[in-house]
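Thanks for sharing this one with me. Here are my notes on the spaces in the fold and on one of its sheets, so keep the structure open while you read.

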Amino acid sequence: MTDLPSMADDVRMRGFARRTPVADALQWLDQQVRLLPAETVSLYSAAGRVLAADCASKVNVPPFVRAMMDGFAVRAADTLGAAAFRRIPLKVIGTSMPGRGFQGSVGPGQAVRIMTGAPLPDGADAVLPAEFTEAQAELVYALGEVSPLKHVGRVGEDIAAEATVFTAGRVLRPQDLGVLSLIGFAQVSVVRQPRVRIVVTGNELLPAGCLPELGTSESAQGETSRYKIPDANGPMLAALVGRDGGIPTQPEIVPDDPNAILAAMRTEADVVLVSGGSSVGLEDHAAALLAQHGQLPIHGVAMRPSSPTGMGLLDGRLVFLLPGNPVSCLAAYDFFAGRAIRRMGGRSADWPYRRIVAPLGRQKLVSVVGRLDYARVRVIAGHVYPLAIGGASILSSTTRADGFVIVPEDSEGYAPGTNVEVFLYDA
């Protein structure tokens, strides 16, 4: 059984002694984050993964001289002066197909029928396109001339052997996988994805998608009110973790019981996200447990929403205490947990949001000096309109918003017409 912390160590019901500036919280966080080790995966599992090592080509691409058009492999000199009114006959001596080249050699006055991608036969130095020819039985007539190496792909002109094609840190795109296959890679070394444990706390919560339960219930102490709501943070956090390259666990709802919360926080993972229980109320056990059994250097951040956010270490792994209110949970994840997950997985620490700069509309964006604000906004006809800064429990404010604006802690806000940077939720 987990002992509750002594009154001297208990962070609950005392309020926040101080709120850490966002910049200081980020500095502490960046000092804790370490890149995860590499693992080897098949090309078919590598899309979206982050390369852990440079990839140098094992071969020339193309590895042989090849035709770049359908037509006839010829000696360029044999087509000199050819035109529609001055046809030059060439004898067709064979065919070169992709994967099955012509074995002989092209001599003066000869040609080999060739398809795009097929190897150029010995003796030939150009490809005469099919549209510049006229074939009759075993002869083909050149109706135009070509210069040496015309319509010919040279060895290594795309990628030279031993050339570095991709460097460590690259997020692999689908077309990258095609190139890796061409240069001899069936598997690649990638940064291991962070495993993220999602712990959602609260006696008032139901599994995601349930309908609320409102009313009364009987207990040994008599009739009590019963108000239960579905979990919103679990599905949201799982999607955010996946977006940032992590592997989320199925979110688990844990009752407001210290033993259960501590056991959930100690499940094997690289990062632990605790939704709820981060503040200083009687049922906010997570912060007290982290302070008692691990380290809680950050508890309370000078930002709105998300001020009850906490960060610390337990059994050597990062633990993020995210507020239970959905908007606060989203903002705290984006500022802190998402940054750590991205960096551990080899990705950029920066937000994965597209940005625009646009002027505020007729409404002022008000803020308070000493606190960073995360303001949800709409973008209408090229102008930015604030929706909300407060209202941490109103998750629909983020679905109605096009994005958000960050008001730094040294600002009182922005006047109408001021250009502001908007981080857009949609890609």
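1. Let me begin with the largest cavity. By class, its lining holds three nonpolar, three polar and four charged residues. Please bear in mind throughout that this is a predicted model.

2. Which residues line the largest cavity? They are Arg49, Val50, Val191, Arg192, Gln193, Pro194, Asp244, Gly245, Gly345 and Arg347. The volume of this cavity is about 50 Å³, and a search of the whole structure finds one cavity of 30 Å³ or more.

3. Now to the pockets. The largest pocket has a volume of about 290 Å³. It is lined by 19 residues, and those closest to its centre are Thr201, Glu204, Leu205, Gly324 and Asn325. If you want to find the place on screen, look for β13 (195-201) and β16 (222-230), since each supplies at least two residues of the lining.

4. How does the lining of the largest pocket divide into nonpolar, polar and charged residues? There are six nonpolar, eight polar and five charged residues in the lining of the largest pocket.

5. The second largest pocket has a volume of about 200 Å³. Of its 13 lining residues, Val22, Leu26, Phe335, Arg339 and Trp351 are the closest to the centre. Two helices are worth displaying here: α1 (22-32) and α6 (326-344) each give at least two residues to the lining. The largest share, four residues, comes from α6.

6. The make-up of this second lining deserves a look too. In the second largest pocket, eight lining residues are nonpolar and five are charged, with no polar ones. For the largest pocket, by contrast, the lining includes eight polar residues.

7. Finally, the sheet. Six strands form an open sheet in the order β7-β4-β6-β5-β9-β8, and their pairing is mixed. The edges are β7 (126-129) and β8 (133-136), each of which pairs on one side only. On average, neighbouring strands of this sheet are turned by 40 degrees against each other, direction ignored.

8. A closer look at one end of the sheet: how many bridges join β4 to β7? Strand β4 (residues 71-74) is joined to β7 by four bridges, and the two strands run antiparallel. To locate this pairing, start from Val74, which stands opposite Ala126 in β7. As a reminder, strands of a sheet pair through backbone hydrogen bonds, either parallel or antiparallel.

How values were computed
Residues numbered from 1 in each chain as written. Predicted model: local features only at pLDDT ≥ 70, side-chain atom pairs only at ≥ 80, totals over all residues. Heavy atoms only, no water. 1 Å grid on protein atoms, 1.4 Å probe; cavity = no way out; pocket = protein on both sides within 12 Å on 5 of 7 lines; lining within 4 Å. Points joined across faces, edges and corners; volume = space filled by probe spheres on them. Nonpolar A, V, L, I, M, F, W, Y, C, P; charged D, E, K, R; others polar. Pairing = 2+ DSSP bridges. Axes fitted to C-alpha atoms, helices over the stretch in contact; angles between N-to-C directions.
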